[in-house]
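Please open the model in a viewer and keep the sequence panel at hand. The tour below proceeds by selections, each followed by a description of what is found there.

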Amino acid sequence: GPALLIERLCLTTQATALHASGPAQAMAAALLRHWGRDGWRAHVDKARKGYRERREWMVKAVKEELGDLVEYTVPAAGMFVWLRVKNCPYTAQELINKKAVDNKVLLLPGESFHTPANMNADGKDSMGGVYVRAAFSVASEEQMREATKRFRAMITQ
């Protein structure tokens, strides 16, 4: 990047993140000493398996409940599925702040994280689609299924 920008970012980082939390470092070090290398590897493998399973539950629910109302990408990593709601009758903010909240569906608007070049100020793309992010890290399979059913009802009303 530009030298001036890099310099400013370094100064900002130095002023805002002088040191990682001592107690957090001590707890992490104690846990890692307790687990050892094999315990750490087992934890990572268990977490990876759990996220993969939850991802599959979410993708299945999206595919079966939302079908051709949305486009989505199966994530290779992380804990979110990105959805593009086709021809959405609402702006992103209406969809999230009113409809989703009223229907007890927790989603986040896509423009809070990424703004595609073709996204309008109302959070819609040039073809009327709205982007949302759905987390699958803590919900059960039943909760994901129920949420996608509620979401379908929201966007088809």
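A residue is called buried when its relative accessible area is under 20%, exposed when it is over 50%, and partly exposed in between, with a 1.4 Å probe and protein chains only. This is a predicted model, in which local features need pLDDT of at least 70 and side-chain atom pairs count only at pLDDT 80 or more, while totals for chains, interfaces and linings use all residues. Residues are numbered from 1 along each chain as its sequence is written, and side-chain values use heavy atoms, with hydrogens and water left out.

**The whole chain**

Begin by selecting the protein chain and colouring it by secondary structure. Helices (H or I, at least four residues) and strands (E, at least two) are DSSP runs, numbered from the N terminus. The chain has 4 helices and 4 strands, which follow one another in the pattern α-α-β-β-α-β-β-α. Of its 157 residues, 29% count as buried. The exposed surface is about 10500 Å², of which carbon and sulfur atoms supply 57%; these areas come from the Shrake-Rupley method with a 1.4 Å probe, and for residues only the protein chains shown count as cover. Contact means heavy atoms within 4.5 Å. Among contacts between residues at least 6 apart in sequence, 63% join residues at least 24 apart.

**The sheet**

Next, select the strands. They form an open sheet of 4 strands in the order β1-β2-β4-β3, with antiparallel pairing. Two strands are taken to pair if DSSP finds at least two bridges between them. The edge strands are β1 and β3 (108-109), each of which pairs on one side only.

Move across the sheet from β1. Strand β1 (residues 70-72) is joined to strand β2 (residues 80-85) by 3 bridges, and the two run antiparallel; V70 has V85 as its bridge partner in β2. Then add strand β4 (residues 130-135), which pairs with β2 in the antiparallel sense over 6 bridges. Here F80 stands opposite A135, and W82 has R133 as its bridge partner. R133 of β4 is also the bridge partner of L108, and β3 and β4 pair in the antiparallel sense over 2 bridges. Strand β4 is mostly covered, with 5 of its 6 residues buried.

**R84**

Now centre the view on R84, which lies in strand β2. Is R84 buried or exposed? R84 counts as buried because its relative accessible area is 9%. To place R84 against an earlier part of the chain, display L69: the two residues are 15 apart along the chain, and their C-alpha atoms are separated by 8.6 Å.

**The helix pair**

Finally, select helix α3 (residues 92-102) and helix α4 (residues 141-156). They pack at an angle of about 115°, with their axes 10 Å apart. Axes are lines fitted to C-alpha atoms, for helices over the stretch in contact, and angles run from 0 to 180 degrees between N-to-C directions. Show side chains for the contact, which is made by L95, K99 and A100 of α3 and F151, M154 and I155 of α4.
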